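Visitor: I'm new to this one. Could you take me on a close look at a single part, the place where the ligand sits?

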Amino acid sequence: MNLPPPGIIWNSLPIPALLIDETDRVAEVNPAAELFLNLSARSLRGQSVLERLAIAAPLEEIFARVRNNRASLFVNDVDVTTGEKAPVQCNLQVAPIGEDPNSILMLISPREIADRLGRASMVKSAARSAIGMAEMLAHEIKNPLAGIAGAAQLLSMGLSGEDLELTDLIVDETRRIVKLLEQVEQFGNVRPPEKKSVNIHDILDRARKSAAVGFGAHMTIIEDYDPSLPSTLGDADQLTQVFLNLLKNAAEASKGAGTIRIHTFYDYSLRLRRADGGGQSVPLQVEIMDDGPGIPPDIANSIFEPFVSGRENGTGLGLALVSKIISEHDGWISLDSVPGRTVFRVSLPVAPKET
Ligand SMILES: Nc1ncnc2c1ncn2[C@@H]1O[C@H](COP(=O)(O)OP(=O)(O)OP(=O)(O)O)[C@@H](O)[C@H]1O
Ligand SMILES: [Mg+2]
């Protein structure tokens, strides 16, 4: 079959799509976008995207990054509205287009209800009882498992050769199940964060140290900190968990030795645009960057969902937990990944001045 002309593809694309010019204005919208935004192409052309659409994500920043890196960017779970309609939760895909380095294509995929239940309301709504149940089960299974592992270890003392291999297998596999259960328990822990003014570098140090002696021993970890960064308002344990998970993913992604860079900096311009028009400033930036193979493209859209994993032994709960914690801290997480360069960026608010 021959490829139809671009205009036909553009018009039949079932996903709302916007072509954005170098001044962040709408150059073109497709019929799906007209329908979704409830606005005609004529009324949108030439309008500033930032002013015309209320998108709960730092769009200027996103566009700048797409232009600078010439790479596409995914932003999950943002509220999109034109101000006249109720906000709809969407996934955004922003990509450079064609020869012109400054033109951008933005796809807005409204999330299906079922899909949305997967994450945002998972902890809040009916799914909470399912998690509660899993958590209870996890707790109950852990004790007998410890007994099994202990018994296998006792048995192994008198064994050698193949028999020893078998008892080792029992011990290893029970450990793996215990780990999985611990993650389920942790995910089910819906304790709201106990927020205090905390220095993000103390948290990063803690996470880096345990990475360096454990799962990240094969990695070179570079710290690139802005020491003048003010404190954030957060739960130190939960934030440590966030960075541990990100460091762990980075370490696990790289097959052999690799480099992880932890970069902190201040970005005054970064605000989350809320659907109600208000803004939340999230100027503290922490980037965890690795030089591994990048996010597998088939799951790139859903890695923040629970149980989505690209690893053989992964439970897929790590990033779901990260995104839950960050959203409870009024922060934002974004992802930028190409082979050889994967960056998770966490943006957090500054703690109010203590009086
Ligand atoms: N830095 C990274 N580089 C490449 N792929 C990554 C990176 N971080 C995450 N991923 C991909 O995203 C998937 C989901 O990550 P997530 O942390 O949610 O789950 P997991 O690591 O598979 O399991 P768990 O964290 O629960 O042990 C991973 O399996 C991996 O495929
Ligand atoms: Mg993980």
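Guide: Sure! One term before we start: a polar contact here means a pair of N or O atoms within 3.5 Å. With that in hand, look at Arg311, where a polar side-chain atom lies 3.0 Å from an oxygen atom of ligand 1. Keep in mind that this is a predicted model.

The backbone joins in too. A polar backbone atom of Gly310 is 2.7 Å from an oxygen atom of ligand 1, and a polar backbone atom of Gly318 is 3.2 Å from an oxygen atom of the ligand. On its own, ligand 1 would expose 590 Å², and the protein buries 96% of that.

Now step back a little to the residues around the ligand. There are 22 of them, and the closest are Asp290, Ser309, Gly310, Thr315 and Leu319. Sorted by class, this shell has ten nonpolar, ten polar and two charged residues.

Next, the space itself. Ligand 1 takes up the space of the largest pocket. Three elements give two or more residues each to the shell around the ligand: α10 (236–253), α11 (318–328) and β15 (341–348). Of these, α10 gives the most, with three residues.

The pocket holds about 1,100 Å³ of space, and 41 residues line it. Nearest its centre you'll find Lys248, Asn249, Glu252, Arg311 and Gly314. So that's Arg311 again, the residue whose side chain has a polar atom 3.0 Å from a ligand oxygen.

As for who builds the lining, α8 (161–188), α10, β13 (284–290), α11 and β15 each supply at least two residues. Once more α10 gives the most, this time with nine residues. By class, the lining of the pocket comes to 18 nonpolar, 15 polar and eight charged residues.

How values were computed
Residues numbered from 1 in each chain as written. Chains lettered and ligands numbered in written order. Predicted model: local features only at pLDDT ≥ 70, side-chain atom pairs only at ≥ 80, totals over all residues. Heavy atoms only, no water. Near = heavy atom within 4 Å. Polar contact = N/O pair within 3.5 Å; in protein donor to acceptor, adjacent residues only side chain to side chain. Areas by Shrake-Rupley, 256 points an atom, 1.4 Å probe, with all protein chains shown as cover. 1 Å grid on protein atoms, 1.4 Å probe; cavity = no way out; pocket = protein on both sides within 12 Å on 5 of 7 lines; lining within 4 Å. Sits in = over half its atoms within 2 Å of the grid points. Helix = DSSP H or I, 4+ residues; strand = E, 2+ residues; numbered from the N terminus. Nonpolar A, V, L, I, M, F, W, Y, C, P; charged D, E, K, R; others polar. Points joined across faces, edges and corners; volume = space filled by probe spheres on them.
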